[in-house]
Amino acid sequence: MVRRLGRFYHYWLHEAPLLTKAVTAATLFGVGDRIAQRIEGEDDDSRGEESHSGYVSPSTARTLRMMMWGGLFAAPIMHSWFYLVDRAIPGTGRLVIAKKVVADMMVIAPGTSLAFFTVTKSMEGETVSDAFEIAKLKLPPTILADYMLWPAANTIIFGFVPFHYRTPLTHCVSLLWSTFLSGMASHEGETLPLYLPSVEDATTQAKNDE
């Protein structure tokens, strides 16, 4: 069964790569959001029946926003990014991998973080300018968390994963990352959600360790 699913996915990844990556990303970002809501204890099941206006509950709307971000934005961005970075930094070897990881840290990490909060907050009804201001406030702790996860993940992705599987594997890592992003998007203020330390706490700890 698993082998059949693997062959099925492999087939569509080559026949319709962007569509397959979009469906993969939308699914994993949706799952990541449900995990985040479970951790926060704010999903519909944990709260019981809730009254709400509109066609879907607030928690379902939040999941749909995450799925839209994953399928319509994250997948095309990463699909294009891997093509671009391979052309801009061709070759193999440790130095090439290191350059690609640094490029990701300098371009994708801040760029997609700002885009994520701007897009999702706009979906919630904020104006684009207000959403961008919120995104700027949330950027420092998000970048801090990004640098805890993605450099190591990208070293493996750029160093060992075949080109066509880089975006899907990135989205598999994004199951963890989307859980964080979903919590961060719904979290008020500039600190990290889900019991992660704030930027100030991390800075203080670093000074104490010196």
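In this model, D86 and R166 join their side chains in a salt bridge, at 3.0 Å from N to O. D86 sits in helix α4 and R166 in helix α7 (residues 166–186), so the bridge ties together parts that are 80 residues apart in sequence. The two partners differ in cover: D86 is partly exposed at 23% relative accessibility, while R166 is buried at 8%. Keep in mind that the whole thing is a predicted model.

**The overall picture**

Stepping back, the chain has 8 helices and 0 strands, so its pattern along the sequence is simply α-α-α-α-α-α-α-α. Of its 210 residues, 40% are buried. Take the contacts with a separation of 6 or more, and 69% of them join residues 24 or more positions apart. The accessible surface adds up to about 11800 Å², with carbon and sulfur atoms supplying 65% of that.

**More salt bridges**

The count of salt bridges comes to 7. Here are three of them, with the D86 pair back for reference.

| Pair | N to O distance |
|---|---|
| D86 and R166 | 3.0 Å |
| E124 and R65 | 3.9 Å |
| K136 and E133 | 3.1 Å |

What about the pair E124 and R65, which parts of the chain does it link? E124 is in the loop between α5 and α6 (128–160), R65 is in helix α4, and their positions lie 59 residues apart in the numbering, making this a link between distant parts of the chain. R65 is buried, at 19% relative accessibility; that falls under the 20% cut-off for the buried class. E124, at 39%, is partly exposed.

K136 and E133 are a local affair. Both belong to helix α6, and because they are 3 residues apart, about one helical turn separates them. Each is partly exposed, K136 with a relative accessible area of 39% and E133 with 41%. Elsewhere, D33, E40 and R62 are linked in a salt-bridge network.

**Aromatic side chains**

There are 8 aromatic pairs in the structure. One of them is F116 with F117: the ring centres are 5.0 Å apart and the planes meet at 70°, so this is an edge-to-face pair. Both rings belong to buried residues, with F116 at 1% relative accessibility and F117 at 0%. The two phenylalanines also join W69 and F73 in one aromatic cluster.

**Two buried residues up close**

S113 is part of helix α5 (residues 94–123) and is buried, at 3% relative accessible area. What does S113 touch beyond its neighbours within four places in sequence? The list is I108, L139, T142 and I143. With T142, which is 29 residues away along the chain, the C-alpha separation is 7.1 Å. The side chain of S113 also has a polar atom 2.7 Å from the backbone oxygen of A109.

H79 is in helix α4 and is buried too, with a relative accessible area of 14%. Leaving out residues up to four places away in sequence, H79 touches P17, L18, K21 and T167.

**Out on the surface**

Finally, a nonpolar patch: Y55, V56, L64 and M67 come together on the surface, offering about 440 Å² of accessible area between them. V56 is located in the loop between α3 (44–47) and α4 (58–88). Is V56 buried or partly exposed? V56 is partly exposed, with a relative accessible area of 36%.

Technical notes:
Residues numbered from 1 in each chain as written. Heavy atoms only, no water. Patch = residues over 30% accessible without salt bridge, like charges linked within 9 Å, V, L, I, M, F, W, Y side chains within 5 Å. Areas by Shrake-Rupley, 256 points an atom, 1.4 Å probe, with all protein chains shown as cover. Salt bridge = Lys/Arg side-chain N within 4 Å of Asp/Glu carboxyl O. Helix = DSSP H or I, 4+ residues; strand = E, 2+ residues; numbered from the N terminus. Buried < 20%, exposed > 50% of the residue type's maximum accessible area, 1.4 Å probe, protein only. Contact = heavy atoms within 4.5 Å. Phe/Tyr/Trp six-rings, centres within 6.5 Å; stacked < 30°, edge-to-face > 60°. Polar contact = N/O pair within 3.5 Å; in protein donor to acceptor, adjacent residues only side chain to side chain.
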